[in-house]
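Here are a few exercises to work through with the structure open beside you. Try each task first, then read the solution.

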Amino acid sequence: DDDGGDDDDDDQIQDGDEEENEEDEPSDGKKDEGNSGRHDDVGKTSKVKGPLTLKKLQKFQEKQDRTGVVYLSRIPPYMKPDKVRHLLSKHGKLGRIYLTPEDPAIRKRRKAMGGNKKQSFVDGWVEFEDKTVAKRVAKTLNTTPIGGKQFSFYSADLWNIKYLYPMSSTRMHMTSIMFTDISQNSNGTI
C-alpha cells in the first residue's frame, strides 16, 4: 500500500533524529569546553538537518521572489557594512548585504604612502525583504545626500542606488559570458 511517499518522509525525519541524539552526547563522556565562552554559541543546539523537501524548497523560492536587491554603485570612503545596514534599515527590513572590498594593491599603496589604514569598499548590493520597499528606496534615495549631522563624515556624500530587476538564470549566464568576452578582448568590443 503506497500512500504517496509519506513513509519515505517519516524515515528521513527518524534518521535525522537518531543522528541528532548521537551528536548531543560526546563519545568520550567529556564536555566540549572549546567554545563554551563564546557568545555565538549561547542558546544554540547542534542539530543535523535532514534533506531538503519540496515544501521547504517552494517556501524558500517564494521568499526569494518577494525580496528586492539594490545596487550601491559607490560606497563612501571607509563606510562599513554595519553603517550601511544602519542607514538603510530605517527604510525597510534588510536581508543580506555585500560590499566589494577595494583592490589589495590599492590599499597597500595607500598605506605605504602614509594614508588611511582602514578597509575601504568599492560598491555593493543590499537585499530588502520586500521588493516594493527596495524599488521605493532606490527611487527616493538615489542622488540624495546620505545626511546625518552637519559635520558627520558622510553628510556630504550622495547615495548612488539602482534597483536590480530579477534576472533569469539563463539571462544571468549570458550576461556573464558577454562580460567575460569583453574583458578578454583586447580592444573592448564584442
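**Exercise 1. Find out how confident the predictor is across this predicted model, and where that confidence drops.**

Solution. Start with the average: this is a predicted model, and the protein's mean pLDDT is 75, with 63% of the residues scoring at least 70. Next, go element by element. Helix α1 (residues 6-24) has the lowest mean, 43, while α5 has the highest, 95. Then look at the stretch around that low point: over residues 1-41 the pLDDT is below 50, and beyond near neighbours in sequence this stretch has eight contacts in the model.

**Exercise 2. List the secondary structure elements from the N terminus on.**

Solution. Count them up and you get six helices and four strands. Now walk along the chain: the elements run α-α-β-α-β-α-β-α-β-α.

**Exercise 3. Work out the order of the strands in the sheet, and say why one side of β2 and of β4 has no neighbour there.**

Solution. First, the order. The four strands form an open sheet, β2-β3-β1-β4, and the pairing is antiparallel. Second, the ends of that order: β2 (94-101) and β4 stand at the edges with a single partner strand each, so one side of each has no neighbour in the sheet. Third, the twist: neighbouring strands are turned by 20° against each other on average, ignoring direction. Finally, zoom in on one pair. β2 and β3 (residues 121-128) run antiparallel and are joined by five bridges; across this pair, I97 stands opposite V126 in β3.

**Exercise 4. Which strands do helices α3 and α5 lie against?**

Solution. Take α3 (residues 81-88) to begin with. Helix α3 packs on the sheet and touches β1 (68-72), β2 and β3, with its direction at about 140° to that of β2. Now α5: this helix lies across β1, β3 and β4, and runs at about 150° to β4.

**Exercise 5. Is D157 buried or exposed, and what does D157 touch?**

Solution. Locate the residue: D157 sits in the loop between α5 (131-141) and β4 (161-164). Then check its relative accessible area, which is 17%. The cut-off for buried is under 20%, so D157 counts as buried. Last, look for partners. Leaving aside neighbours within four places in sequence, D157 is in contact with R74, P76, P77, T144, P145 and I146.

**Exercise 6. How much of the protein is buried, and what area does the protein expose?**

Solution. Of the 190 residues, 19% are buried. On the outside, the protein exposes about 15000 Å², and carbon and sulfur atoms supply 52% of that area.

Definitions and conventions: Residues numbered from 1 in each chain as written. Predicted model: local features only at pLDDT ≥ 70, side-chain atom pairs only at ≥ 80, totals over all residues. Heavy atoms only, no water. Helix = DSSP H or I, 4+ residues; strand = E, 2+ residues; numbered from the N terminus. Buried < 20%, exposed > 50% of the residue type's maximum accessible area, 1.4 Å probe, protein only. Contact = heavy atoms within 4.5 Å. pLDDT = per-residue confidence, 0-100. Pairing = 2+ DSSP bridges. Axes fitted to C-alpha atoms, helices over the stretch in contact; angles between N-to-C directions. Areas by Shrake-Rupley, 256 points an atom, 1.4 Å probe, with all protein chains shown as cover.
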